[in-house]
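Here are some short exercises to work through with the model open beside you. Try each task yourself before you read its solution.

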Amino acid sequence: MTQLLSDFLLHAHEFDSRAQNLRNRFLNPVECKVAAVLLAVVKKDHQWQILFTRRSGSLSHHTGQIALAGGRYEPQDLNLTQTALRETHEEVGILPQAWQTFPALPPYYTPSGYEVHPIPALSTGDLCIQTNPDEVAEVFYVPFDFVMNLQYYEMRPLQYQGQTIATPTLPFQHYDIWGLTAMILYGLAERYQQYCEAV
């Protein structure tokens with residue numbers, strides 16, 4: 001499974017996401033701030049899982065939402081992969097060298113004016129989590145196989161400038177994964193389905 005997963009993450013950017021294309025055309029941004037998030041796949045409890053954060057209640061934006069670790073590109077960052085690794089270290093304490101990273105997925109646009117680049121990453125070691133309480137209230141994990149199953153997603157309306165589009169959400173236990181995070185996961189699941197059909 002490790003080799004298959006690594007190969008998928010290496011080639012994921014080559015596959016398309018219909019839902020991503022629809023959403024990006026719907027939002028149709030003109031000028032964006034650039035950001036990157038880490039699509040962090042880890043070996044935990046003898047299975048592959050994706051790492052998520054729940055945002056701190058003290059933050060001024062997106063309080064309490066489920067997110068992938070990451071943030072805004074800074075001029076000192078060499079590239080967007082470094083942005084995602086730096087932000088992940090700042091939020092949950094995981095050192096950049098803990099990750100094997102892969103080519104970025106195509107960017108997602110947000111109603112708040114961001115162009116967000118997901119960076120797939122894999123870690124097989126034991127990770128030492130030290131959350132920054134100013135940014136992160138909780139770290140939790142969702143099994144990779146669960147996230148890759150399109151049947152588990154539900155649709156919810158997204159309204160923007162007087163128009164509405166259906167966007168995916170992913171209920172898991174007591175967590176409500178929605179918004180950009182769910183959109184990135186759904187796009188990854190669409191790509192995984194195409195990858196599995198191709199290999």
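**Exercise 1. Work out whether D45 is buried or exposed, then look at its backbone.**

Solution. Start with the relative accessible area of D45, which is 57%. The cut-off for exposed is over 50%, so D45 counts as exposed. Keep in mind that this is a predicted model. Next, find D45 in the chain: the loop between β1 and β2 holds this residue. Now check phi. Most residues other than glycine have a negative phi. D45 is not a glycine, yet its phi is positive, at about 55°.

**Exercise 2. Do the same for Q173: find its place, its phi and its accessibility.**

Solution. Q173 sits in the loop between β10 (163–172) and β11. Its phi is near 50°, again a positive value in a residue other than glycine. With 66% relative accessibility, Q173 is over the 50% cut-off and therefore counts as exposed.

**Exercise 3. Follow the salt bridges of R86, and say which residues end up in one network.**

Solution. Take the partners of R86 one by one.

- Step 1: R86 pairs with D77, and their closest N and O atoms are 2.8 Å apart.
- Step 2: R86 also makes a salt bridge with E87, at 3.2 Å from N to O.
- Step 3: Check burial, where the limit is under 20%. R86 has 17% relative accessibility, so R86 is buried. D77, at 4%, is buried too. E87 is also buried.

Before joining these up, compare a pair elsewhere. D176 and R156 form a salt bridge at 3.1 Å, N to O. This pair links distant parts of the chain, 20 residues apart: D176 belongs to strand β11 (residues 175–177) and R156 to strand β9 (residues 154–160). D176 is partly exposed at 35% relative accessibility, and R156 is partly exposed at 31%.

- Step 4: Back to R86. Through shared partners, salt bridges tie D77, R86, E87 and E90 into one network. The count of salt bridges comes to 5.

**Exercise 4. Find out which residues of helix α1 are buried, and what covers them.**

Solution. Helix α1 spans residues 2–11, and its buried residues are L5, S6, F8 and L9. They lie on the same side of α1, because the arc they cover around the axis is only 160°. Now look at what lies over them: the cover includes strands β1 (33–44), β2 (47–55), β5 (100–101) and β7 (114–123), plus helices α4 (144–147) and α5 (179–198).

**Exercise 5. Describe how α1 and α5 pack against each other.**

Solution. You need two values here, because two packed helices are described by the angle between their axes and the distance between the axes. For α1 and α5, the angle is about 115° and the axes are 10 Å apart. That makes the two helices roughly perpendicular. The crossing is right-handed. To see who meets whom, pick out L4, D7 and F8 in α1, which meet L188, R191, Y192 and Y195 in α5.

**Exercise 6. Place T83 in the fold and list its contacts beyond its neighbours within four places in sequence.**

Solution. T83 belongs to helix α3 (residues 80–92). Its relative accessibility is 0%, so T83 counts as buried. Leaving out those sequence neighbours, T83 is in contact with A36, G71, R72, Y73, E74 and D77. You've met D77 already: it is a salt-bridge partner of R86.

Conventions
Residues are numbered from 1 along each chain as its sequence is written. This is a predicted model: local features need pLDDT of at least 70, side-chain atom pairs count only at pLDDT 80 or more; totals for chains, interfaces and linings use all residues. Side-chain values use heavy atoms; hydrogens and water are left out. A salt bridge is a side-chain nitrogen of Lys or Arg within 4 Å of a carboxyl oxygen of Asp or Glu. Buried means under 20% relative accessible area, exposed over 50%, partly exposed in between (1.4 Å probe, protein chains only). The arc is that of the directions from the helix axis to the C-beta atoms. Contact means heavy atoms within 4.5 Å. Axes are lines fitted to C-alpha atoms, for helices over the stretch in contact, and angles run from 0 to 180 degrees between N-to-C directions. Angles under 35 degrees count as roughly parallel, over 145 as roughly antiparallel, 65 to 115 as roughly perpendicular and the rest as oblique. A crossing is left-handed if the near helix is turned anticlockwise from the far one by less than a right angle, and right-handed if clockwise.
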